[in-house]
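Work through the exercises below with the coordinates open. Each task is followed by a solution in steps.

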Amino acid sequence: MLGFLKRTFRKQQGEPIVVVSGLPRSGTSMLMKMLDAGGMEIMTDSERTADIDNPKGYFEYERVKDLEKESDKSYVREGRGKVLKVISFLIKDLPDDNDYRVIFMRRNLDEVLASQNKMIQRLGTEDSTAAEEAMKEAYRNDIVRTRLLCKNRPNFELVEINYKNTVEDPVATAHSVNAFVGGHLDETAMREAVDSSLYRNRSKS
Amino acid sequence: MLGGKTAKVKIDRDLFDRLRKVADVAGYATTEEFVAHVLEKEMLHFEDAGSDDDIRDKLKGLGYIS
C-alpha cells in the first residue's frame, strides 16, 4: 500500500528533490561534493564558505536553518531536480508538497561528536550542556526518528550511506548513490571527489 | 488491565521474571500494564521530535539551525 502511495505521489509532485541528510559532521558535505562533481545541480546560496572544518565547502542553503520556525516553505520547491542539504533534525519540517529522495549519511557517533566538539571550539559558540553519553543517546533517537519518518511518509524514500565505507571505497558509494538518484551521474567524477585526507576524526574502535 | 485489542510479544523468560518482580514492587496491577507503560515512555523518544533540546542546542552552536 505504501509502495503504491509512493509511486502515485512521485507522479504528482514532479521531479524529486534529492536531500543529503545526516548528523552534522557525518559526511554530508563530502556527499554534496560527490553529487556536484557527478553533475547534479546543487541548491545553495554559497553563504557559508569553506573553512578549516569543511575545506571543500558546505554546499548549504541558509534559509533551511529556519525550516523549524518558518511557515512559508514554498521556496523548497525550487529544489526539484536539484540537491538540497538538510540535517536529519530538520527532515521532519520539510513540506509535503514535494517528493524527496533522502541520502542519509551515517558515521560512528564517537567520531561525529569529536568532530562537532572541535568545530564548536573553533567557532567559539555556546555548546549543549548535555553529557557526551546523553548526546549520543539523543542522536541515536534522532536517527531512528528520521528512519521512521521516511518509512511512514509516502513522499519520502531513503538510502543510507556509511561515511567510513565511502572514504575506503568511493566507487561503491558513487554507484549506489547514482542508482538511487536515477543513474545519470558521472560516477568517475563522483569517486574522484572523495578526499580521504579529510577523514580526520577516526574512532579507535 | 489492558483496554482494546491486544497482541502477544515473546520475550526472554528471565527478563519477564525480572519485569514481574519490578512491576509488583512498583505497584502495577499486572506485568502487562508495567511493560506497556515502559514501552509507551520509550516510544516517545522516537515519536516526539519536538522535545529534543539537547540536539537543538548543539545544532545552534554548530550553526546548522538558527
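**Exercise 1. Strand pairing in chain A**

In which sense do β1(A) and strand β2 (residues 83-85) of chain A pair, and over how many bridges?

Solution. The model is a predicted one.
Step 1. List the bridges between the two strands: β1(A) and β2(A) pair in the parallel sense, over 3 bridges. One residue pair to check is A:V19, whose bridge partner in β2(A) is A:L84.
Step 2. Follow the chain from one strand to the other. The path leaves β1(A), passes through helix α2 (residues 28-38) of chain A and arrives at β2(A), a β-α-β crossover that is right-handed.
Step 3. Look for other partners of β1(A). Strand β3 (residues 100-106) of chain A runs parallel to β1(A) and is joined to it by 6 bridges. Here A:G22 has A:M105 of β3(A) as its bridge partner.

**Exercise 2. Burial of β1(A) and the core**

Determine how many residues of strand β1 (residues 17-22) of chain A are buried, and which way they point.

Solution.
Step 1. Count the buried residues: 6 of the 6 residues in β1(A) are buried, so the strand is mostly covered under the cut-off of 20 or more other C-beta atoms within 10 Å.
Step 2. Sort them by direction. A:I17, A:V19 and A:S21 point one way, while A:V18, A:V20 and A:G22 point the other way. Both sets are buried.
Step 3. Place the strand in its setting. The largest nonpolar core has 51 residues, and A:V19, A:L31, A:V83 and A:I103 touch the most other members.
Step 4. Take A:L31 from that set. Leaving aside neighbours within four places in sequence, A:L31 is in contact with A:V20, A:I103, A:M105 and A:I161.
Step 5. Add the background: in soluble globular proteins, nonpolar side chains tend to be buried together.

**Exercise 3. Two charged residues in chain A**

Decide whether A:R25 and A:E187 count as buried or exposed, and describe where each one sits.

Solution.
Step 1. Locate A:R25: it lies in the loop between β1 and α2 of chain A. Its phi is positive, about 75 degrees, although A:R25 is not a glycine.
Step 2. Apply the neighbour count. A:R25 counts as buried because it has 24 C-beta neighbours inside 10 Å.
Step 3. Locate A:E187, which is found in helix α7 (residues 187-192) of chain A. A:E187 has 20 C-beta neighbours inside 10 Å and therefore counts as buried.
Step 4. List the contacts of A:E187. Not counting residues up to four places away in sequence, it touches A:G38, A:A174, A:H175 and A:N178. A:G38 is 149 residues apart from A:E187 along the chain, yet their C-alpha atoms are separated by 6.1 Å.

**Exercise 4. Chain B and its contact with chain A**

Describe the make-up of chain B, then the side of chain B that touches chain A.

Solution.
Step 1. Chain B has 3 helices and 0 strands, in the order α-α-α along the sequence. Of its 66 residues, 12% are buried.
Step 2. Helix α1 (residues 13-25) of chain B spans 19 Å from first C-alpha to last, close to the expected 18 Å. The count of buried residues among its 13 residues is 0. Just after α1(B), B:G27 takes a positive phi of about 90 degrees.
Step 3. The contact takes 15 residues from chain B and 25 residues from chain A. On the chain B side, α2 (31-47) and α3 (53-62) are the elements that give two or more residues. α3(B) gives the most, with 7 residues.
Step 4. By type, the residues on this side of chain B divide into 7 nonpolar, 4 polar and 4 charged.

Notes: Residues numbered from 1 in each chain as written. Chains lettered and ligands numbered in written order. Predicted model: local features only at pLDDT ≥ 70, side-chain atom pairs only at ≥ 80, totals over all residues. Contact = placed C-beta atoms within 7 Å. Helix = DSSP H or I, 4+ residues; strand = E, 2+ residues; numbered from the N terminus. Nonpolar A, V, L, I, M, F, W, Y, C, P; charged D, E, K, R; others polar. Core = buried A, V, L, I, M, F, W, Y, C linked by C-beta atoms within 7 Å. Expected span 1.5 Å × (residues − 1). Pairing = 2+ DSSP bridges. Right-handed = clockwise from strand over helix to strand, strands pointing away.
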